[in-house]
Amino acid sequence: MYKSVFISDLHLGSKHCQSDKLLHFIKTVETEQLFLVGDIIDGWRLSNKWYWPKEHSNILKAIINKNIPITYISGNHDEFLRSFGKYEVGHIKITNSDSYTGVNGKKYLVIHGDLFDHLMRTRIGRKIMYIGDKAYDFLVYINTLLNLYRKRRNLPAWSLSKYLKKKTKAASNFIGSFENEMSKYCKAKGYDGIICGHIHTPNIRTVKGVSYMNDGDWCENCSALVETLEGKWEIIYPSVETEKGTF
């Protein structure tokens, strides 16, 4: 049992979502409250091409059926929710950002994180993001074929995107800048830390006295950020056998 669980970047409505792992996690995880930290539904891809398998409906049903408080933070891929502002439907609260007080009494800002992404702030930048999504789709296709080959050779799945992030200096610099800017903002606003998603890179670190915690995603890492009943913060990687290739 956890005090709280934070997950983001499920990207329901896209082929990137590792739905079998995610559904198993949602059904089995025990927590007092659940935070969905943005990009839960991939409105970008659904607006271009409809893709909604039964598994994605089952994931939403499993989330709704959990009899616990649920907070849904909107992200850039499900930004259609932002125009509604803050509202509640039963035990589910939908908002653009939220504040969370941990077991230790510290106050954390919970936000998806795209507002701190420089590319998301301009029209040209958003176009670049859309182009990047197309490139991502192509890499997923290549990675899936590669992992089918590796599976036939009894080799473990391999993540192309993780490899590129580690090897590309620009990606490393972007992640570092993203983490530093968010931490700087939280410190100025009087928060002890920040909980976010967006960049698909799970991490817990301290930046100039501010706790930066990113819960990762369910396309590449299949990760979640959790706070235990004792107040310890951890990133967990639920392991479930799947036939999907890891990207």
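1. The C-terminal residues 240-247 have a pLDDT under 50 throughout, pLDDT being the predictor's confidence in each residue, from 0 to 100. The model nevertheless has 30 contacts for this segment beyond four places in sequence, where contact means heavy atoms within 4.5 Å. Where pLDDT is low, the predicted coordinates should not be read in detail. Over the protein, the average pLDDT is 84, and 79% of the residues score at least 70.

2. This is a predicted model, in which local features need pLDDT of at least 70 and side-chain atom pairs count only at pLDDT 80 or more, while totals for chains, interfaces and linings use all residues. Residues are numbered from 1 along each chain as its sequence is written, and side-chain values use heavy atoms, with hydrogens and water left out.

3. The secondary structure comprises six helices and twelve strands; these are DSSP runs numbered from the N terminus, helices being H or I over at least four residues and strands E over at least two. Of the 247 residues, 49% count as buried, where buried means under 20% relative accessible area, exposed over 50% and partly exposed in between, with a 1.4 Å probe and protein chains only. The protein exposes about 12,700 Å², of which carbon and sulfur atoms supply 56%; the areas come from the Shrake-Rupley method with a 1.4 Å probe, and for residues only the protein chains shown count as cover. Among contacts with a separation of 6 or more, 69% are accounted for by residues 24 or more positions apart.

4. Helix α1 (residues 19-28) has as its buried residues Ser-19, Lys-21, Leu-22, Leu-23, Phe-25 and Ile-26. Their cover includes strands β1 (2-7), β11 (224-228) and β12 (233-236), together with helix α3 (54-65). Leaving aside neighbours within four places in sequence, Phe-25 is in contact with Val-5, Ile-7, Trp-218, Ala-224, Ile-236 and Pro-238.

5. A nonpolar core is here a set of buried Ala, Val, Leu, Ile, Met, Phe, Trp, Tyr and Cys residues joined through side-chain atoms within 4.5 Å. Of the 29 residues in the largest such core, Ile-7, Leu-22 and Phe-25 touch the most other members. Two or more residues come from each of β1, α1, β2, α3, β3 (70-73), β5 (92-95) and β11. The most is given by α1, with four residues. Another core, of 13 residues, lies apart from this one and has among its members Leu-109, Phe-116, Met-182 and Ile-199.

6. Aromatic rings also deserve comment. Rings of Phe, Tyr and Trp (its six-membered ring) pair if their centres lie within 6.5 Å; planes under 30 degrees apart count as stacked, over 60 as edge-to-face and the rest as tilted. The count by this rule is nine aromatic pairs. In one of them, Phe-6 and Tyr-100 have ring centres 5.3 Å apart and planes at 85 degrees, so the pair is edge-to-face. This pair links distant parts of the chain, with Phe-6 in strand β1 and Tyr-100 in strand β6 (residues 98-101), 94 residues apart. The rings of Phe-35 and Tyr-100 are likewise edge-to-face, because their planes stand at 80 degrees, with centres 5.5 Å apart. Here Phe-35 belongs to strand β2 (residues 34-37), 65 residues from Tyr-100. Phe-35 is buried at 2% relative accessibility, and Tyr-100 is buried with a relative accessible area of 3%. One aromatic cluster is formed by Phe-6, Phe-35, Tyr-100, Tyr-108 and Trp-233.

7. Ser-8 is situated in the loop between β1 and α1 and counts as buried, at 0% relative accessibility. Its side chain is joined to that of Asp-215 by a polar contact of 2.5 Å. A polar contact is a pair of N or O atoms within 3.5 Å; within protein, one must be able to donate a hydrogen and the other to accept it, and residues adjacent in sequence count only if both atoms are side-chain atoms. A polar atom of the Ser-8 side chain also lies 3.3 Å from the backbone oxygen of Gly-216. Beyond four places in sequence, the residues that Ser-8 touches include Val-37, Gly-38, Ile-40, Gly-197, His-198 and Trp-218.

8. Two non-glycine residues with positive phi may be checked in the model. Asp-9 has a phi of about 55 degrees and lies in the loop between β1 and α1. Lys-208 has a phi of about 50 degrees and lies in the loop between β9 (203-207) and β10 (210-214). Asp-9 is buried, with a relative accessible area of 0%, whereas Lys-208 is exposed, at 73%.
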